[in-house]
Amino acid sequence: MASLILHYAPQSRSLGSLVLLEELGAPYDLHVMSLNDGDQRQPAYLAINPMGKVPAIVHNGALITEQAAIFIYLADLFAQAALAPAIDDPLRGPYLRWMVFYGSCFEPAVVDHSLQREPAPKRRSPYGSYDEVLAVVAAQLAKGPYLLGERFSAADVLWASALNWTTHFGVVPLLPAFKAYIDRVTSRPAYKQATAKDAELLARQEEGS
Ligand SMILES: N[C@@H](CCC(=O)N[C@@H](CS)C(=O)NCC(=O)O)C(=O)O
């Protein structure tokens, strides 16, 4: 058994972490759950991740949750894949910026918007406004081809996965800059392998239910 376990559920945010592990060529074990069956709320999983959420990884006994943390951690751990700018690389700061922007601005903005919550005044909102968040991301991607310009990084795996599902569900508009970016990243072999594995795991769960 590998010392790295990805706690996973098909058709969830955990797909991005699976894509990243494939991109990194990392050895891992999958613990597969069904969100529909509520596996994530069972005591056995809550003992691992008390939030009952996926993705989560356990590496050498340490729990890491939150996609941005998982991505930063894994890309540094498997540094030979060169998906994380090193600490002394001028792109390290922008790389961390986009990783953390995802969790602290994009996710809450999209969730608030999709639930039609009354927007907070800009000055009191941690992300300003939904429109501003999308505009900032679209402007960065329009420069392309990746978030860090010519350099493909783990941040692109996170963002392309997120833009893929959020545009698919219509909670984010499929702007031309988003579409070109999603196509670019999802056409990579790792993305295809991970989505094929996700579909296979889902089919297995559906057969068994
Ligand atoms: N803040 C978390 C969000 C993870 C999340 O919301 N995961 C969803 C799957 S898409 C989940 O586990 N939902 C199951 C539940 O809450 O019961 C992250 O960035 O990793």
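Where in the chain is Arg 41 found? In this predicted model, Arg 41 is found in the loop between strand E2, residues 29-32, and helix H2. With a relative accessibility of 46%, Arg 41 counts as partly exposed, because that class covers values that are neither under 20% nor over 50%. Arg 41 and Asp 88 are 47 residues apart in sequence, and their C-alpha atoms are 41 Å apart in space.

Arg 41 is also one of the residues that surround the ligand. The others in this shell are Ser 12, Arg 13, Leu 35, Gln 40, Gly 52, Lys 53, Val 54, Pro 55, Glu 66 and Gln 67. Sorted by class, the shell has four charged, four polar and three nonpolar residues. The ligand itself sits in the largest pocket.

Polar contacts of the ligand involve both side chains and backbone. An N or O atom in the side chain of Gln 40 is 2.8 Å from an oxygen atom of the ligand. A polar backbone atom of Val 54 is 2.8 Å from a nitrogen atom of the ligand. In the side chain of Glu 66, an N or O atom is 2.6 Å from a nitrogen atom of the ligand. On its own the ligand has 520 Å² of accessible area, and the protein covers 77% of it.

Two of the residues around the ligand, Val 54 and Pro 55, are joined by a cis peptide bond, with omega near 5°. Pro 55 is found in the loop between helix H2 (43-46) and strand E3 (56-59). A cis peptide bond also leads from Gly 144 to Pro 145, here with omega near -5°. Pro 145 has its place in the loop between H5 and helix H6, the latter spanning residues 154-168. As a rule, most peptide bonds are trans.

The backbone angle phi is considered next. Glu 66, which contacts the ligand through its side chain, has a positive phi of about 80° although it is not a glycine. Glu 66 lies in the loop between strand E4 (62-65) and helix H3 (67-77). Its relative accessibility is 51%, so Glu 66 counts as exposed, the limit for that class being over 50%. Gln 11 likewise is not a glycine and has a positive phi, of about 55°. Gln 11 is found in the loop between strand E1 (4-8) and helix H1 (14-24). At 62% relative accessibility, Gln 11 counts as exposed. In general, most residues other than glycine have a negative phi.

The loop between helix H4 (92-114) and helix H5 (130-143) contains Gly 128. Gly 128 has a relative accessible area of 14% and is therefore buried, since the limit for that class is under 20%. The C-alpha atom of Gly 128 is separated by 17 Å from that of Leu 115, a residue 13 positions away along the chain. Ser 129 is in the loop between H4 and H5 as well. With a relative accessible area of 18%, Ser 129 is buried. A polar atom of the Ser 129 side chain lies 3.1 Å from the backbone nitrogen of Glu 132.

Arg 97 is found in helix H4. Its relative accessible area is 44%, so Arg 97 is partly exposed. Arg 97 and Ala 155 are 58 residues apart along the chain, and their C-alpha atoms are separated by 9.5 Å.

Towards another part of the chain, Leu 174 has its place in the loop between H6 and helix H7 (176-186). Leu 174 is partly exposed, with a relative accessible area of 48%. From C-alpha to C-alpha, Leu 174 is 8.9 Å from Asn 164, and the two are 10 residues apart in sequence.

Conventions
Residues numbered from 1 in each chain as written. Predicted model: local features only at pLDDT ≥ 70, side-chain atom pairs only at ≥ 80, totals over all residues. Heavy atoms only, no water. Near = heavy atom within 4 Å. Polar contact = N/O pair within 3.5 Å; in protein donor to acceptor, adjacent residues only side chain to side chain. Areas by Shrake-Rupley, 256 points an atom, 1.4 Å probe, with all protein chains shown as cover. 1 Å grid on protein atoms, 1.4 Å probe; cavity = no way out; pocket = protein on both sides within 12 Å on 5 of 7 lines; lining within 4 Å. Sits in = over half its atoms within 2 Å of the grid points. Nonpolar A, V, L, I, M, F, W, Y, C, P; charged D, E, K, R; others polar. Helix = DSSP H or I, 4+ residues; strand = E, 2+ residues; numbered from the N terminus. Buried < 20%, exposed > 50% of the residue type's maximum accessible area, 1.4 Å probe, protein only.
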